[in-house]
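Subject: Handing over the structure

Hello,

Thank you for taking this one on. Here is the structure, and below it you will find my notes on what turned up.

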Amino acid sequence: MITVEDVRRVALTLPRAYEVLVRDRIKFRVGSLVFVAFSRDETLMGFGFPREEREHLVSSRPETFQLPSPGDMRYQWVVADMAALDPDEMEELVIDAWRMCVPKGVARKFLDGI
């Protein structure tokens, strides 16, 4: 099972990313934009994801992914069950969510160095 510590190891290597605690919830941000956030019990991970693609992602793997709460549907956001993610998939989701928050040049420079 993926843990918050596993996600932290990925997220904090990303340029401009930092961790915050908001109402007992761990979140990772770039500036004021949140790209990953956890449920209070740390079993669910919300992450930035293109709005136009999320219905397909959720319907393709409903045991892993779910739509955000009704109040968060306006955001580009999806929620994953941490127990259903593998490490490579988690890393890809976190990096893709981060890429949505940083300038393209920052993302390109980082990804070229990988």
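To start with one residue: is F47 buried or exposed? F47 is buried, with a relative accessible area of 0%. Please keep in mind as you read on that this is a predicted model.

**The overall picture**

The protein has four helices and six strands. Going along the sequence, they come in the order α-β-β-β-β-α-β-β-α-α. With a radius of gyration of 13 Å, close to the 13 Å that the globule rule gives for 114 residues, the protein is as compact as a globular protein of that length. A box of roughly 35 × 30 × 25 Å along the principal axes holds the C-alpha atoms.

Of the 114 residues, 43% are buried. The protein exposes about 6700 Å², and carbon and sulfur atoms supply 51% of that area. If you look at contacts between residues at least 6 apart in sequence, 46% of them join residues at least 24 apart.

**Aromatic pairs**

There are four aromatic pairs in the structure. One of them brings us back to F47, which pairs edge-to-face with F65: the ring centres are 6.1 Å apart, with 70 degrees between the planes. F47 belongs to strand β4 (residues 44–48) and F65 to strand β5 (residues 65–66), so this pair ties together parts that are 18 residues apart in sequence. F65 is buried as well, at a relative accessible area of 2%. Ring pairs also bring in F49, giving a cluster of F47, F49 and F65.

W98 and F110 form a further pair: their ring centres are 5.3 Å apart and their planes stand at 70 degrees, so this pair is edge-to-face. Here the link is between two helices, because W98 lies in helix α3 (residues 87–99) and F110 in helix α4 (residues 104–112). The pair therefore ties together parts that are 12 residues apart in sequence. Both W98 and F110 are buried.

**A hairpin of two strands**

Next, have a look at strand β1 (residues 17–22) and strand β2 (residues 25–30), which pair in the antiparallel sense over six bridges. Together β1 and β2 form a hairpin, with two residues between them. In the turn, R23 has a positive phi of about 50 degrees. Across the pairing, E19 stands opposite F28 in β2.

**Salt bridges**

Side chains of opposite charge can pair when their charged atoms come close. How many salt bridges does the count come to? The count is seven.

R9 is a good place to begin. One salt bridge joins R9 to E5, with the closest N and O atoms 3.8 Å apart. These two residues are four apart in helix α1 (residues 4–11), so about one helical turn separates them. R9 also forms a salt bridge with D6, where the closest N and O atoms are 2.5 Å apart. R9 and D6 are both in helix α1 too, three residues apart, or about one turn of the helix. As for their surroundings, E5 is partly exposed, with a relative accessible area of 35%, whereas D6 is buried at 19%.

R61 and E89 make another salt bridge, at 2.3 Å from N to O. R61 sits in the loop between α2 (51–60) and β5, while E89 is in helix α3, so the pair ties together parts that are 28 residues apart in sequence. R61 is partly exposed, with a relative accessible area of 26%, and E89 counts as buried at 16% relative accessibility.

Some of the salt bridges share partners, and in this way E5, D6, R8, R9 and E19 are joined into one network. You may recall E19 from the hairpin, where E19 stands opposite F28.

**One more residue to look at**

The loop between α2 and β5 also holds T64. T64 is buried, with a relative accessible area of 4%. Which residues does T64 touch, not counting those up to four places away in sequence? They are V79, A80, D81, A84 and L85.

Happy exploring, and do write back with any questions.

Best wishes

How values were computed:
Residues are numbered from 1 along each chain as its sequence is written. This is a predicted model: local features need pLDDT of at least 70, side-chain atom pairs count only at pLDDT 80 or more; totals for chains, interfaces and linings use all residues. Side-chain values use heavy atoms; hydrogens and water are left out. Rings of Phe, Tyr and Trp (its six-membered ring) pair if their centres lie within 6.5 Å; planes under 30 degrees apart count as stacked, over 60 as edge-to-face and the rest as tilted. Buried means under 20% relative accessible area, exposed over 50%, partly exposed in between (1.4 Å probe, protein chains only). Two strands pair if DSSP finds at least two bridges between them. A salt bridge is a side-chain nitrogen of Lys or Arg within 4 Å of a carboxyl oxygen of Asp or Glu. The radius of gyration is taken over C-alpha atoms; the globule rule is 2.2 Å times the number of residues to the power 0.38. Contact means heavy atoms within 4.5 Å. Accessible areas come from the Shrake-Rupley method with a 1.4 Å probe; for residues, only the protein chains shown count as cover.
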